Amino acid sequence: MVVVWKGEIMGKYFDKKEVWTNKERKLKQEFQLSKMAQLGYKKSPMLKKIFDELHIKPSTIKSLEDMERLPVISREQLVDMEQNDLPYAGLHNTTASIDRIFTSPGPVYEPHLSENDYLWARAFFAAGIGPEDIALNAFSYHLVAAGLTFHGGLRKVGATVVPSGTSSSQVQVQLIKDLRVTVYVGTPSFLMAIIEKSREMGFNFKKDFYVKKACFAAEPLFPDMRRSFEKDYGIDTYQMYGATEVGDVAYECSAKNGWHICEETIVEIIDTYTGKKVPHGDLGEVVVTRLNEIFFLLRFGTGDLSRIITEKCACGRTSYRLAGIAGRVGDAVKVRGLFLAPSQLKSLQLKFNNLPLQAVVTREGHNDILTLRVEKTAPEIGSLSWDENFKKSFREICTVRIDQMEYIDKGRIDSGEKLLIDKRKW
Ligand SMILES: [Zn+2]
């Protein structure tokens, strides 16, 4: 039986965990972490091996800080580990009953946590989805975790689900129309394709249908696409973030200013080179530990880049937030110890009317030098006040400081050129 969650605190939050103080959250999560380490040591041959090889006693993993003693496991490593010991590399609870086995490209196999978990339910709750909604779930139900886990989350908040999966856009349009679908769950590009198809079929998506909300995952939601969904089609959009290996990780609330970290996960932002946490606010790799008793994958390195927002959110939830995903670890370069990603430069570019620009990193002696090349497409570019404003925005978006500006003639930067060039020799 599926229990429909109505929200414990006046229906505003999914449960009281969402408004815990930071101290409460840390204590409860540390308790769970310590339990997971000890149980994992007993039940998972691989976790025992990892601990023994590092001479770590499971009872000494007690605080969030203790986690840094454990290795980060990337998807590539997990695939290798699993191939050596199918299906879960011995990272699972060997005496637990596992209700589903998912797979994702690699191949990598994951035991589904439990049918009673809250996967994605917090995200749907925060997006205001409830029993009155009819949700089209356009994620695949075949082999991968997406379809069934999003389905479970929608059921937890009471929504009726249309399990349309990867049916053609024509079929999806038909379902949206006939069943009066109110929520779309899937990728943003597929929703655009569905809207396009509905136009071809002679419908006006905004006027003829009832889709008022969309929850996206698995793909970035670009600002212009979001604007189009919201303005042109009247669809309120929400982003969700997770990985098959660890489940849901973060979700957007109505404030749409960062993604709240799920209460069941511990997220660390680390320096990929050292495995250590970076200060709050700095860019680094998202490393996730899902607190559970079935799959002991501690410190899963997602390969995604993000930073933590610690300021209070207008929605009242107290969890820290992720500032979206700034790209993949391999795309970023480190400047004076801080990551700089092409996507950050893209955001800056958008803020300045698509200004052609390029960041070039060089080295003088032992110092990294960051030069910003900017095309002089308008007379004010290069003036003292423009320069000051630009540098300020750069620092806000990219965290790093610019060492020198280079103003170049209009048309000198080819639109196909890279936004970020690393000229340092290693
Ligand atoms: Zn919020």
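Student: What makes the backbone at His55 stand out, just after H2?

Tutor: In this predicted model, His55 takes a positive phi of about 55 degrees. The residue sits just after helix H2, which covers residues 45-53.

Student: And how do you know which side of H2 faces inward? Which of its residues are buried?

Tutor: The buried ones are Met46, Leu47, Ile50 and Phe51. Around the axis they cover an arc of only 135 degrees, so they lie on the same side of H2. On the other side, Lys49, Asp52 and Glu53 are exposed. Part of the cover over the buried residues comes from helix H1 (22-43).

Student: Why is Thr149 called buried?

Tutor: Let's set the value against the cut-off. A residue needs 20 or more other C-beta atoms within 10 Å to count as buried. Thr149 has 22 C-beta neighbours inside 10 Å, so Thr149 counts as buried.

Student: Where is Thr149 found, and what does it touch?

Tutor: Thr149 is found in helix H5, residues 146-156. Leaving aside residues up to four places away in sequence, Thr149 touches Leu119, Trp120 and Gly247. Gly247 is 98 residues away along the chain, yet the C-alpha atoms of Thr149 and Gly247 are separated by 8.3 Å.

Student: Why is strand E11 described as largely enclosed by the rest of the structure?

Tutor: Six of the six residues of E11 (residues 265-270) are buried, so the description follows. Both faces are covered: Thr265, Val267 and Ile269 are buried on one side, and Ile266, Glu268 and Ile270 on the other. E11 also pairs with strand E12 (residues 284-290) in the antiparallel sense, over six bridges. In E12, Thr289 is the bridge partner of Ile266.

Student: What makes E5 and E14 the edge strands of their sheet?

Tutor: The sheet is open, with nine strands in the order E5-E4-E6-E7-E8-E9-E10-E15-E14 and mixed pairing. Strand E5 (160-162) and strand E14 (308-309) each pair on one side only, and that makes them the edges. For E14, the pairing is with strand E15 (residues 321-322), antiparallel over two bridges. There, Ile308 has Leu322 in E15 as its bridge partner. H5 packs on this sheet too, touching E4, E5, E6 and E9, and its direction makes about 170 degrees with that of E4.

Student: Which residues touch the most other members of the largest nonpolar core?

Tutor: Of its 88 residues, those are Phe124, Leu136, Val183, Val185, Cys215, Met240 and Val249. Helix H4 (residues 121-126) gives the most to this core, with five residues. Not counting residues up to four places away in sequence, Phe124 touches Ile129, Gly153, Leu154, Val157, Ala159 and Cys215. Apart from this core lies another, of 22 residues, among them Leu305, Ala326, Ala332 and Leu420.

Student: Does that fit a general pattern, and what is it?

Tutor: In soluble globular proteins, nonpolar side chains tend to be buried together.

Student: Last one: how do you know how compact the protein is?

Tutor: Compare two values. The radius of gyration is 23 Å, close to the 22 Å that the globule rule gives for 426 residues, so the protein is as compact as a globular protein of that length. The C-alpha trace spans about 65 × 65 × 40 Å along its principal axes, and 39% of the residues count as buried. There are eleven helices and 21 strands. Among contacts between residues at least 6 apart in sequence, 64% join residues at least 24 apart.

Notes. Residues numbered from 1 in each chain as written. Predicted model: local features only at pLDDT ≥ 70, side-chain atom pairs only at ≥ 80, totals over all residues. Buried ≥ 20, exposed ≤ 12 C-beta atoms within 10 Å, placed from the backbone. Helix = DSSP H or I, 4+ residues; strand = E, 2+ residues; numbered from the N terminus. Arc of directions from axis to C-beta. Contact = placed C-beta atoms within 7 Å. Pairing = 2+ DSSP bridges. Core = buried A, V, L, I, M, F, W, Y, C linked by C-beta atoms within 7 Å. Axes fitted to C-alpha atoms, helices over the stretch in contact; angles between N-to-C directions. Rg over C-alpha atoms; globule rule 2.2 N^0.38 Å.
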